[in-house]
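The exercises below are meant for a reader who is meeting this structure for the first time. Please work through each task with the sequence and the model in view before reading its solution.

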Amino acid sequence: MKFKSLALATGMILAAGAASAEVKVGMITTLSGGGAGLGIDVRDGFMLAIEQSGRDDIEVVIEDDQRKPDIAVQLADKMIQSEKVDVLTGIIWSNLAMAVVPAATAQGKFYLSPNAGPSALAGKGCHENYFNVAWQNDNLHEAAGAHANSAGHAKSFILAPNYPAGKDALTGYKRFFEGELAGEIYTKLGQTDYAAEIAQIRASGADSVFFFLPGGMGISFLKQYADSGVDLPVVGPAFSFDQGILQAVGGAALGVVNTSQWNKDIDNATNAAFVSSFQEKYGRLPSLYASQGFDTANLLVSAVAAADVGDAGAFRDALRAANFDSTRGDFSFGPNHHPVQTIYAREVIQEGDVFTNKIIGKALENHSDAYAGDCKM
Amino acid sequence: MSHILIAEQVLNGLQFGVMLFLMAAGLTLIFGVMGLINLAHGSLYMIGAFFAAVVAGWTGSFLLALIAAMAAAAAAGALVELVVIRRLYDKDHLDQVLATFALILIFSEGTRWVFGSFPLFLDIPDALSGPVTLPGGIQYPLYRLVLIGTGLGVALGLGLLITRTRIGIQIRAGENDREMIAALGVDISRLYTLVFALGAALAGLAGALVGAIQSVQVGMGEPVLILAFVVIVIGGIGSIRGALVGAILVGLTDTLGGVFLPELFKLFMEPSAATSVGSSLASMAIYILMAVVLIWRPTGLFGARA
């Protein structure tokens with residue numbers, strides 16, 4: 001179960017007296033169990049960027065957290081104390097991030113988040129050494145609310161699992177949605193049968209449905225929804241429509257609008273090269289998680305090229321400058337080190353045998369987050 | 001709240017309960033006959049779903065997929081019984097729990113190696129997809145009605161097997177006194193393998209049937225396993241009838257609790273707080289049910305012994 005891979009970018013530094021300072025990166029991510037698809041995509045995207053950078057002074061140590069906070073904490077301790085890493089990254093889940101990130105940054109390590117963006121780390125709990133390269137958790141839900149307005153929805157039925165990220169999701173949607181709510185449900189985390197909720201949607205008189213059900217929960221909901229005969233339009237964040245799970249949902253997802261900060265058809269040279277090289281190397285289409293891993297690694301590479309990691313102030317400034325080519329086009333950090341970015345509305349389409357997404361418009365432009373004002377760095 | 005909605009939710013609860021029964025029946029048989037706590041039962045459910053998805057992908061036939069799911073789960077069950085479980089009958093429950101927990105990890109990672117980390121696709125056959133209109137104007141998915149029918153059919157068949165056949169007599173005798181039936185010339189180890197494979201096949205069938213409307217992914221069996229344990233504790237360990245009654249009780253409590261508790265709290269609380277309190281209480285409902293049943297009947301509803 002527990003495997004360790006020591007990946008050296010393009011080989012050990014052999015040249016005697018090489019002046020380049022070595023940067024050691026600890027990646028803690030989910031590589032086994034039910035949520036493994038996300039961690040694998042982040043890892044593969046990250047390692048692809050490190051490989052393409054051609055740098056031989058970045059060493060990456062990868063460990064599997066099994067989606068368990070206690071294991072993530074142990075791994076972080078080990079990486080900081082015995083592996084002596086300079087930078088940590090990789091965590092997928094917000095509850096794991098909350099367990100690891102504050103302790104790591106307090107010990108003077110840098111943390112670059114390729115996924116989790118809990119509100120606690122964006123507002124009062126922000127830290128000068130913590131950078132989120134993906135999004136603040138609420139962002140995609142806020143964009144879904146904004147999209148529902150522009151699509152003319154006036155009465156939404158909203159549901160999410162009963163845990164912190166689920167509450168953030170509904171809060172985010174309600175922050176931007178201007179219509180009224182036909183119903184609001186918290187489902188059980190890990191619930192797989194949504195017949196009861198679908199019956200309530202049918203009886204509620206709603207004109208649209210918003211749901212945040214990541215991973216397998218979303219697959220179950222969409223299949224059951226499609227079979228129920230309720231045909232209200234559905235809006236959701238990209239987490240139930242990423243490349244890894246769309247094939248498992250199949251035709252049930254066709255035409256559904258979802259919001260994402262990335263898609264494979266964002267038109268810029270970096271993104272086109274990323275999509276084709278990822279596909280060539282791994283034999284599958286990249287997901288948004290893979291793009292986040294790729295961007296995180298490129299941010300790191302840009303900072304390593306500009307500053308010595310031993311000089312924390314200079315390295316931090318180099319990270320804050322975000323001087324790298326993102327797959328999302330323009331990329332910059334807000335005052336709380338979270339991205340300021342455009343979030344798109346995408347529609348699920350079928351290309352040949354493959355289900356994938358196509359951008360249909362911008363839901364929010366140059367969007368920051370609601371917590372930046374609380375951050376005192 | 002309309003009568004249609006209530007009727008629909010009762011059907012949902014029934015369907016959930018009947019699927020739980022397929023899991024719980026195997027678990028209770030194995031516990032009753034062999035005295036074995038099998039945590040790996042959820043893995044057999046997962047194996048059923050994965051084989052159904054693969055065979056449905058190859059052949060396009062849902063019926064063949066169901067047969068493959070049962071065959072694969074039964075084969076995996078028999079293999080596990082012969083290689084691992086057989087050594088655990090004389091050990092205490094802690095050893096059994098440890099060994100079968102290890103089996104969960106082995107099956108999960110093995111499945112991930114063979115089938116990959118991403119969920120598989122398994123869909124309802126076209127003939128069974130879409131809703132039908134029931135008397136009273138209830139729109140209800142046909143596939144869920146088929147699940148209810150299948151589950152009740154299996155329950156009936158299993159009841160007849162246990163009460164009316166020679167194998168059934170041996171199984172019941174094995175529950176009561178395993179030394180005695182061994183002394184009477186019944187090949188007890190063959191019987192154990194058979195019961196284990198039967199329980200595994202039922203779990204595989206449940207995995208395949210439910211997989212068509214849910215996500216076929218690694219780790220899908222463990223949440224169901226926990227509920228199945230609740231069911232057999234409520235129903236009484238070793239009792240098929242108890243498993244059926246317990247499963248339907250749990251299914252109805254879980255579904256109706258999730259719907260009506262938040263509504264109930266809305267009568268005297270503000271809506272968002274009511275939703276949050278009601279949802280939290282609803283997730284506890286089946287455990288409260290279990291506690292109440294155990295206080296009233298410590299051996300479960302149909303349990304013969306503690």
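**Exercise 1.** Find which residues line the second largest cavity of this predicted model, and work out where that cavity lies.

*Solution.* Begin with the lining, which is made up of A:Phe241, A:Asp242, A:Gln243, A:Trp262, A:Asn263, A:Lys264, A:Pro286, A:Ser287, A:Leu288, A:Arg346, A:Thr356 and A:Asn357. Next, sort these residues by class, which gives four nonpolar, five polar and three charged. The space that they enclose comes to about 50 Å³. Finally, compare the lining with the domains of chain A: domain 1 (5-135 + 266-333) and domain 2 (139-260 + 342-374) both contribute residues to it, and therefore the cavity lies between them.

**Exercise 2.** Determine how many cavities of 30 Å³ or more a search of the whole structure finds, and describe the lining of the largest cavity.

*Solution.* The search returns two such cavities, and the largest cavity holds about 80 Å³ of space. Its lining consists of 13 residues, of which A:Ala195, A:Gln224, A:Ser228, B:Pro141 and B:Arg144 are the closest to its centre. Turning to the elements, those that give two or more residues to this lining are α7 (195-204) and α8 (216-228) of chain A, together with α1 (3-34) and β2 (138-141) of chain B. The most is given by α7(A), with four residues. By class, the lining of the largest cavity has six nonpolar, three polar and four charged residues.

**Exercise 3.** Describe the aromatic pair formed by A:Phe212 and A:Phe239, and place both residues along the chain.

*Solution.* Over all chains, the structure holds 22 aromatic pairs. In the pair of A:Phe212 and A:Phe239, the rings are 5.9 Å apart centre to centre with 75° between their planes, an arrangement that is edge-to-face. A:Phe212 sits in the loop between β9 (208-211) and α8 of chain A, while A:Phe239 sits in the loop between β10 (234-237) and α9 (243-249) of chain A, so that the pair links distant parts of the chain, 27 residues apart.

Notes
Residues are numbered from 1 along each chain as its sequence is written. Chains are lettered from A and ligands numbered from 1 in the order in which they are written. This is a predicted model: local features need pLDDT of at least 70, side-chain atom pairs count only at pLDDT 80 or more; totals for chains, interfaces and linings use all residues. Side-chain values use heavy atoms; hydrogens and water are left out. On a 1 Å grid over the protein atoms alone, a cavity is a set of points where a 1.4 Å probe fits but cannot get out, and a pocket is an open set with protein on both sides within 12 Å along at least five of seven lines; lining residues have an atom within 4 Å of a point. Grid points are joined across faces, edges and corners, and a volume is the space filled by probe spheres set on the points. Ala, Val, Leu, Ile, Met, Phe, Trp, Tyr, Cys and Pro count as nonpolar, Asp, Glu, Lys and Arg as charged, and the others, Gly among them, as polar. Domain bounds come from an automatic or database domain assignment. Rings of Phe, Tyr and Trp (its six-membered ring) pair if their centres lie within 6.5 Å; planes under 30 degrees apart count as stacked, over 60 as edge-to-face and the rest as tilted.
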